[in-house]
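Me: I'd like to go through this model with you before I set anything up. Can we start with the packing and then move on to the cysteines and the confidence?

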Amino acid sequence: MPVTLASTLDHLADRGHRLTRPRQAVLQALFEAEDWLRPEQVLSHARKRFSSVGLVTVYRTLALLEELGIVRRIHVEPGCHGYALAGLGHGHYLTCRSCHRVLEFPGREDLAPLILQISRRTGFLIDDHLLELSGTCPTCRRGRRSPSRRGRKA
């Protein structure tokens, strides 16, 4: 069953989290986005729904949603990150360094031998991981993509 705004709100409520109007506005901004958003962009979109949403609320809500596995933090540029709804049960990301396009792909099974090897070598009990690969997407390699709208301020 696809994840919806309503089911996500129910998920939050079932875990005892308050469904404040600012929190709902942040969620709605993420569900309406066609791509990942920087926190400042989430704020801009959320304020269209509830004008008094603050940046601190956005960051706190994003942190909660990340902790619950509802969104994923994506590192798109040095010193910059964005957030996207978690589309896969456990996904990884490809990020284009030119246009900043982000593509999620599955891959936990493929990394199991590497994770086991690292665990044995370091003694860590590894219970989670994040894999993000950076490069140039096929469109940018062909020189057909214009600069990303994500590179501009919201």
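Me: What covers the buried residues of H1?
Reply: The cover includes helix H2 (21–32) and helix H4 (55–67), where helices are DSSP runs of H or I with at least four residues, numbered from the N terminus. This is a predicted model, in which local features need pLDDT of at least 70 and side-chain atom pairs count only at pLDDT 80 or more, while totals for chains, interfaces and linings use all residues. Residues are numbered from 1 along each chain as its sequence is written, and side-chain values use heavy atoms, with hydrogens and water left out.

Me: Which residues of H1 are buried?
Reply: In H1 (residues 5–14) they are Thr8, Leu9 and Leu12, buried being under 20% relative accessible area with a 1.4 Å probe and protein chains only. Seen down the axis of H1, these buried residues fall within an arc of 100°, so they line one face of the helix; the arc is that of the directions from the helix axis to the C-beta atoms.

Me: Switching topic, how many disulfides are there?
Reply: The search of the whole structure finds zero, a disulfide being a pair of cysteine sulfur atoms within 2.5 Å.

Me: Why is there no bond for Cys96?
Reply: Its closest cysteine sulfur, in Cys99, is 3.6 Å away, which is too far for a bond. Cys96 itself counts as buried, at 3% relative accessibility.

Me: And the confidence?
Reply: The average pLDDT, the predictor's confidence in each residue from 0 to 100, is 82 for the chain, and 83% of the residues score at least 70. Over residues 147–154, however, the pLDDT is below 50. Where pLDDT is low, the predicted coordinates should not be read in detail.

Conventions: Buried < 20%, exposed > 50% of the residue type's maximum accessible area, 1.4 Å probe, protein only. Helix = DSSP H or I, 4+ residues; strand = E, 2+ residues; numbered from the N terminus. Contact = heavy atoms within 4.5 Å.
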